[in-house]
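Hi everyone, thanks for making time this morning. Let me walk you through a structure that will be new to most of you, starting at one end of the chain and stopping at a few places along the way.

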Amino acid sequence: MLELRHLQVLRAVAQEGSLAAAGRALGHSQPTVSHHLATLEAHFRTPLVHRGARGAVLTDAGAALLPHAEAVLGRITVAEQEIRELVRRGSATLRVGTFPSAGALLLPPAVRTLHRTGVRIHLTEGELPALLDGLRSRRLHVALVYSRPDGTLDLGEDMVVHPLLDDPLQLVLPADHPQAAAERVPIAGLREDGWILGATEDDPVDRVLARACAAHGFAPVPVLRTDDYGVLQGFVAAGVGVALVPRLGLGPPRPDLAVRPVDGPP
């Protein structure tokens, strides 16, 4: 039967590059490391580590096993932390994930209610891929996530999705922008403007923007990139560019900004 220490040895060899270094990292002697590794290889009936004069490297089979070993050890670590916290606090802990713009507005009332019932909250902020990974791996119990107009949110059959709201994208313009007086602003009227975009090329808002601009025969010209909506609004107010922002990310109204809906598909 596999034991956790066998997987710990495999991970340590991959990280340290030799059996001796793996033993030092784990507090074991090299013969103990060799014994656990031999037991693991006997279980799978194949070599998992190639030993050489310059150290040790994983074989193809060892490399294939490594992410599974890391996942098992990661889950054990989470379980240990959760149980120790439960014993120490004497209360349940709910691990909640959120993306920043939603967490600030939607989570506080729910957290307040849970605190009154004795439930503690462990909050994790992250972007959508990390949140989905946390749900699937059970590192998170619940998460605030979002879906895009151009895609579906596929969490699998063992997840339950509760829709909370639609969060329309809004154009953020300097207060003195020529389009600021319009009730709804057409994207085509902003082809000459520079745009403040997200920090990564795969930003979901930017993908929506690119598709909307392409429908009118142009591409948005980036002048600045940031994921901080406060920073973004400051630069828009300074006249650096315009931006498309989820309504949840806007915060209180500002006199130096004009926030307008887009004329066209959401």
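Let's begin with Met1, which counts as exposed because its relative accessible area is 89%. For these labels, buried means under 20% relative accessible area, exposed means over 50%, and partly exposed is in between, with a 1.4 Å probe and protein chains only. Before going on, please keep in mind that this is a predicted model, where local features need pLDDT of at least 70 and side-chain atom pairs count only at pLDDT 80 or more, while totals for chains, interfaces and linings use all residues. Residues are numbered from 1 along each chain as its sequence is written, and side-chain values use heavy atoms, with hydrogens and water left out.

Back to Met1, then: this residue sits in the segment before α1. Helices here are DSSP runs of H or I with at least four residues, strands are runs of E with at least two, and the numbering goes from the N terminus. The C-alpha atoms of Met1 and Thr39 are separated by 9.4 Å, with their positions 38 residues apart along the chain.

Leu2 is also placed in the segment before α1, which covers 4-16. Leu2 has 35% relative accessibility, so it counts as partly exposed. Which residues does Leu2 contact, leaving aside its neighbours within four places in sequence? They are Leu40, His43 and Phe44, where contact means heavy atoms within 4.5 Å. Leu2 and Arg247, in turn, are 245 residues apart in sequence and 51 Å apart in space, C-alpha to C-alpha.

Now for the helices. Two packed helices are described by the angle between their axes and the distance between the axes. The axes of α1 and α3 come within 9 Å, crossing at roughly 110°. The axes are lines fitted to C-alpha atoms, for helices over the stretch in contact, and angles run from 0 to 180 degrees between N-to-C directions. That crossing makes α1 roughly perpendicular to α3; angles under 35 degrees count as roughly parallel, over 145 as roughly antiparallel, 65 to 115 as roughly perpendicular and the rest as oblique. On the α1 side, the contact is made by Arg5, His6, Leu7, Val9, Leu10 and Val13, and on the α3 side by Val33, His36, Leu37, Thr39 and Leu40. By class, these residues are seven nonpolar, three polar and one charged. In this scheme Ala, Val, Leu, Ile, Met, Phe, Trp, Tyr, Cys and Pro are nonpolar, Asp, Glu, Lys and Arg are charged, and the others, Gly among them, are polar.

Let's pause at His36, a residue of helix α3. Is His36 buried or exposed? His36 is buried, because its relative accessibility is 7%. Apart from neighbours within four places in sequence, His36 is in contact with Arg5, His6 and Val9.

Helix α3 has another partner to show you. The axes of α2, residues 19-26, and α3 come within 8 Å and cross at roughly 105°, so α2 is roughly perpendicular to α3. Here Leu19, Ala20, Ala22 and Gly23 of α2 meet Gln30, Val33, Ser34 and Leu37 of α3. The contact of α2 with α3 has five nonpolar, three polar and no charged residues.

Next, two arginines with a backbone feature to look at. Arg45 is in the loop between α3 (30-44) and β1 (49-52), and its phi is near 55°, a positive value in a residue other than glycine. With 78% relative accessibility, Arg45 counts as exposed. Arg138 lies in the loop between α6 (128-136) and β5 (142-143), and its phi is positive too, at about 70°, although Arg138 is not a glycine. Its relative accessibility is 36%, so Arg138 is partly exposed.

My last stop is Pro220, in the loop between α7 (204-214) and β9 (221-225). Pro220 is buried, since its relative accessible area is 15%. Setting aside neighbours within four places in sequence, Pro220 contacts Trp195, Leu209, Ala210 and Cys213. Pro220 and Gly194 are 26 residues apart in sequence and 7.0 Å apart in space, C-alpha to C-alpha.

Thanks for listening, and please do ask about any of these places.
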